[in-house]
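This report goes through selected local features of the structure shown below. It takes them in turn, with a table of backbone angles towards the end.

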Amino acid sequence: MKILVAVKRVIDYNVKVRVKADNSGVETANVKMSMNPFCEIAVEEAVRLKEKGVASEIVVVSIGPQQAQETLRTALALGADRAVLIKTDADVEPLAVSKLLKEVVAKESPEMVILGKQTIDGDNNQTGQMLAALLDWPQGTFASEVVVEGGAVKVTREIDGGLETVNLSLPAVVTTDLRLNEPRFAKLPDIMKAKKKPLEEVAPADLGVDVAPRVTTLKVEPPAVREAGIKVESVAELVEKLKNEAKVI
Ligand code: AMP
């Protein structure tokens, strides 16, 4: 079974994001970038399925600038076999990402596409769902367990009220939640080997997809700064302040 995994290069989750002075977006110059954490979990799941003998090949795909090659090389070091970079400097919206992925699916014919449930930069939580709709494939989103059995995949989903288990016939789209697995770290010999693995580059136009944005960002603002707290001398004073100043009790 061939698995396609979509990985996005985003600002590293440890970086304190700064808003640009003109409020047009966030600062990405000279900022550490890494693989989106939910995409790391997607790669790890595909690698585990390959180690179990369920998957035979893992193809990773990223839509982004030249530097997204580094993200793809990381995925190759973690165990993916081949990579495809759809190179663009544009900020590609979820619908366009889904259309591009649909074209890659048409070319590669995977039996499963694994995506992160969400990117930590756009916080969209849309791409997997849109891709499933465009392909007319079943989807298992927010997966915390994935079991492939005889032409189907059983996905346990993290939902508000608890866990839901769905059975999807393959081919299917799966998106990963935080508790699905704990991604491994790439070992140095694997990082060296990854440099020799195939990485194909294509442009969105080669796939016939228009990636022009449909949404205009009007303004980006940092969250309001929290006011400093105060120390109270007694419980009575605390209750008095909660009642009369904060007016919460
Ligand atoms: P989103 O809908 O933007 O929150 O993204 C959900 C998932 O879609 C991500 O975790 C990735 O697996 C995939 N994805 C989104 N944008 C890209 C991109 N530019 N390149 C590759 N995969 C992407």
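Glu44 is part of helix α1, which spans residues 37–51. In this predicted model, is Glu44 buried or exposed? Its relative accessible area is 4%, and because buried means under 20%, Glu44 counts as buried. The side chain of Glu44 makes a polar contact of 2.7 Å with the side chain of Arg48. Leaving aside residues up to four places away in sequence, Glu44 touches Asn181, Glu182, Pro183 and Arg184.

**The ligand site**

The ligand is surrounded by 17 residues, and the closest of these are Ala6, Ile63, Thr119, Asn125 and Thr127. By class, the shell consists of 7 nonpolar, 9 polar and 1 charged residues. Which polar atoms of the protein lie by oxygen atoms of the ligand? Asn36 places a polar side-chain atom 3.2 Å from a ligand oxygen. Gly116 has a polar backbone atom 2.9 Å from an oxygen atom of the ligand. For Asn125, a backbone N or O atom is 2.8 Å from an oxygen atom of the ligand. On its own the ligand has 480 Å² of accessible area, and the protein covers 98% of it. Two or more residues of the shell come from each of β4 (57–64) and β6 (112–116). Strand β4 gives the largest share, 3 residues.

**Helix α4**

Which residues of helix α4 (residues 127–135) are buried? They are Thr127, Gly128, Leu131, Ala132 and Leu135. These residues are on the same side of α4, because they cover an arc of only 135° around the axis. An α-helix has 3.6 residues a turn, so residues three or four places apart point the same way. The buried residues of α4 pack against α3 (94–108), β6, β7 (139–149) and β10 (172–176). Thr127 also belongs to the closest residues around the ligand. Just after α4 comes Asp136, with a positive phi of about 60°.

**Backbone angles**

Most residues other than glycine have a negative phi, and most peptide bonds are trans. The table lists three residues with a positive phi.

| Residue | Phi | Place |
|---|---|---|
| Ser109 | near 45° | loop between α3 and β6 |
| Asn125 | about 55° | loop between β6 and α4 |
| Asp136 | about 60° | just after α4 |

How do Ser109 and Asn125 stand in terms of accessibility, and what are the values? Ser109 has a relative accessibility of 54% and therefore counts as exposed, the cut-off being over 50%. Asn125 counts as partly exposed, because its relative accessibility is 26%. Asn125 is also one of the closest residues to the ligand, and one of its backbone N or O atoms lies 2.8 Å from a ligand oxygen.

Where is the cis peptide bond? It joins Leu170 and Pro171, and omega is about 5°. Pro171 sits in the loop between β9 (162–169) and β10. Strand β10 is also among the elements that the buried residues of α4 pack against.

Definitions and conventions. Residues are numbered from 1 along each chain as its sequence is written. This is a predicted model: local features need pLDDT of at least 70, side-chain atom pairs count only at pLDDT 80 or more; totals for chains, interfaces and linings use all residues. Side-chain values use heavy atoms; hydrogens and water are left out. A residue is near a molecule or strand if one of its heavy atoms lies within 4 Å of it. A polar contact is a pair of N or O atoms within 3.5 Å; within protein, one must be able to donate a hydrogen and the other to accept it, and residues adjacent in sequence count only if both atoms are side-chain atoms. Accessible areas come from the Shrake-Rupley method with a 1.4 Å probe; for residues, only the protein chains shown count as cover. Helices (H or I, at least four residues) and strands (E, at least two) are DSSP runs, numbered from the N terminus. Ala, Val, Leu, Ile, Met, Phe, Trp, Tyr, Cys and Pro count as nonpolar, Asp, Glu, Lys and Arg as charged, and the others, Gly among them, as polar. Buried means under 20% relative accessible area, exposed over 50%, partly exposed in between (1.4 Å probe, protein chains only). The arc is that of the directions from the helix axis to the C-beta atoms. Contact means heavy atoms within 4.5 Å.
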